[in-house]
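Work through the exercises below with the model open beside you. Try each task before you read its solution.

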Amino acid sequence: MNLPKDFINKYQALLGQPEAAQFLASFDQPVEKGFRINPMKADLVTPLVPTAEPIAYVKGGYFGTVKGNSIAHTSGGVYSQEPSAMYVGAVVDPQPGEVILDLCAAPGGKSTYIGSQMAGQGVLVANEINAKRAKVLAENVERFGLKNAIVTNETPDRLAAAWPQQFDKILVDAPCSGEGMFRKDPEAMTYWQLAYPETCAARQKEILTAALKMLKPGGQLIYSTCTFAPEEDEQVMAWVLAQYPALSLKPIQKYAGMSAGRPEWADGTASLANAVRLWPHLMRGEGHFIACLQSNASPEKTSTRAKKGHSKHTAKTSGTLTKAQQTLVEACLAQTFKQPVLDFQYLRLQGDHLHLVPQSTLPLTQLKILRNGLNVGVFKKNRFELDHDLALSLPAAAYQVVYEVDETAYQHYRHGESLTLAQPLAAKKTFGLLTYQHLGFAIGNFVGTQVKNFYPKGLRN
Ligand SMILES: C[S@@+](CC[C@H](N)C(=O)[O-])C[C@H]1O[C@@H](n2cnc3c(N)ncnc32)[C@H](O)[C@@H]1O
């Protein structure tokens with residue numbers, strides 16, 4: 001690989017020999033690939049994917065690849081992710097019931113891990129500043145079947161103004177100089193110049209300043225980059241520690257091949273060694289830096305309540321159902337599902353769209369929200385149509401009608417075609433679940449021997 005001369009000189013000086021030679025030689029090795037199994041679908045997905053090489057430091061992580069059009073992927077059973085990036089989610093260590101913000105979240109590698117570990121309890125806000133990337137993030141959150149996630153497309157400053165001291169944990173997986181991406185995406189090298197890490201560090205400090213306003217006293221902020229540059233790693237953390245005396249660096253467990261942060265590459269603060277570095281010449285992965293900032297301030301000192309007047313996020317953005325709409329939804333759900341699957345008290349109407357919102361007190365007014373929990377369905381004239389979300393977030397056992405398709409029908413349906421049955425599966429027209437290899441991948445409208453296609457146009461291929 002044709003690495004920039006200044007890059008080579010810089011790491012020769014930082015690492016010395018023979019380590020610099022080993023590090024630089026790693027850029028000529030193949031890219032390491034991995035995937036993570038969604039714990040909510042693990043029973044059905046695990047037998048379908050190559051699990052010979054588990055990754056020791058992340059639950060459900062494996063070296064290897066899974067095709068994007070395979071049922072394991074389209075059903076939200078796996079997320080393809082570079083192995084060292086997987087350790088970030090494990091450091092966040094999400095717990096059910098927590099309120100977590102993933103501030104720089106697209107395309108969703110860490111958000112899908114965090115959300116899937118929360119077992120539907122608590123709230124994950126996955127935010128992305130870039131509108132196009134936020135759309136991809138929303139699709140991945142949908143694919144993973146996350147019920148308790150809110151996807152926003154906002155700047156860190158606007159979120160900080162809306163949500164002071166609201167989060168138990170915040171992940172800042174910062175935009176960076178991307179030196180750990182050089183193998184995967186050699187174009188990343190074309191942006192690189194000696195001063196680039198300093199430019200990135202200035203932006204990282206701005207993002208962290210906004211992020212820290214949203215951290216609850218006693219909370220944790222996890223900071224990560226996919227670069228090796230000390231300016232963006234240890235030096236940014238040293239800056240935070242100097243600016244915020246109530247924060248300290250919590251030690252991060254180091255698995256085989258992982259190294260400590262390097263205090264000598266910043267201001268010498270010993271606790272910088274509590275951070276972790278994943279180097280491509282010392283372990284299988286593209287490389288990462290991860291630090292965990294612990295807020296030591298007593299939670300009692302400051303109020304953690306949302307601003308007065310905004311305590312119910314549904315107040316302005318959503319309405320409730322009319323009697324007629326409620327009847328339509330109840331009838332549709334009763335016909336589709338064996339038992340009640342949605343808690344009506346969390347159903348909210350936005351225009352014609354019905355959502356099942358997370359149990360959250362975060363005010364959402366004035367913010368650009370791409371997803372608020374689950375999309376349940378949409379009112380069209382005098383009928384109610386179920387959303388694709390339900391195919392990915394509810395188990396097959398919940399449905400009255402389940403149609404297991406073969407490979408050909410799986411491909412056809414994903415192209416947007418209707419299917420024809422040998423005989424009707426239901427006496428009356430109804431929504432049902434389509435499965436392939438027993439994994440739900442789509443909603444269908446079963447009308448006699450026809451299965452009308454409800455696969456979202458944007459996902460067809
Ligand atoms: C390293 S990527 C995030 C990867 C993601 N966490 C994942 O695991 O899939 C950093 C993200 O930060 C976003 N970003 C860029 N500038 C930003 C800013 N000023 N504030 C917040 N996010 C920004 C980028 O658009 C990018 O999606």
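**Exercise 1.** Find the residue that stands opposite Ile170 in strand 8, then place strand 7 in its surroundings.

*Solution.*
Step 1. Opposite Ile170 lies Leu221 of strand 8. Strands here are DSSP runs of E with at least two residues, and helices are runs of H or I with at least four; both are numbered from the N terminus.
Step 2. Strand 8 covers residues 215–225 and runs parallel to strand 7, joined to it by 6 bridges. Two strands pair if DSSP finds at least two bridges between them.
Step 3. Strand 4 (residues 99–102) also runs parallel to strand 7, with 3 bridges. In this pair, Ile100 faces Lys169.
Step 4. Strand 7 (residues 167–173) is largely enclosed by the rest of the structure, because 6 of its 7 residues are buried. Buried means that 20 or more other C-beta atoms lie within 10 Å of the residue's own; exposed means 12 or fewer, and partly exposed is in between, with C-beta atoms placed from the backbone.

A note on the source: this is a predicted model, where local features need pLDDT of at least 70, side-chain atom pairs count only at pLDDT 80 or more, and totals for chains, interfaces and linings use all residues. Residues are numbered from 1 along each chain as its sequence is written.

**Exercise 2.** Classify the exposure of Pro217.

*Solution.*
Step 1. Locate Pro217 in strand 8.
Step 2. Count 16 C-beta neighbours inside 10 Å, so Pro217 is partly exposed.
Step 3. Check a long-range partner: the C-alpha atoms of Pro217 and Ser295 are 5.9 Å apart, although 78 residues separate them along the chain.

**Exercise 3.** Describe the shell around the ligand.

*Solution.*
Step 1. The shell holds 16 residues, and Cys104, Gly109, Asn130, Asp173 and Pro175 come nearest. A residue is near if its C-beta atom, placed from the backbone, lies within 6 Å.
Step 2. Helix 6 (109–117) and helix 10 (196–213) are the elements that give two or more residues to it.
Step 3. By class, the shell has 8 nonpolar, 3 polar and 5 charged residues. Ala, Val, Leu, Ile, Met, Phe, Trp, Tyr, Cys and Pro count as nonpolar, Asp, Glu, Lys and Arg as charged, and the others, Gly among them, as polar.

**Exercise 4.** Lay out the open sheet of 3 strands.

*Solution.*
Step 1. The strand order is 2-1-3, and the pairing is antiparallel.
Step 2. Strand 2 (61–63) and strand 3 (78–80) are the edges, each pairing on one side only.
Step 3. From one strand to the next, the twist averages 25 degrees. Axes are lines fitted to C-alpha atoms (for helices over the stretch in contact), and angles run from 0 to 180 degrees between N-to-C directions.
Step 4. Strand 1 (residues 34–37) pairs with strand 3 over 3 bridges. Ile37 faces Val78 there.

**Exercise 5.** Characterise the contact between domain 1 and domain 2.

*Solution.*
Step 1. Domain 1 spans 311–394 and domain 2 spans 401–461; these bounds come from an automatic or database domain assignment.
Step 2. Their centres, taken over C-alpha atoms, are 23 Å apart.
Step 3. In the contact, 8 residues of domain 1 meet 10 residues of domain 2. Contact requires C-beta atoms, placed from the backbone, within 7 Å.
Step 4. Helix 13 (323–336) and helix 14 (389–393) each supply at least two residues of the domain 1 side.
Step 5. That side has 5 nonpolar, 3 polar and no charged residues.

Conventions:
Contact = placed C-beta atoms within 7 Å.
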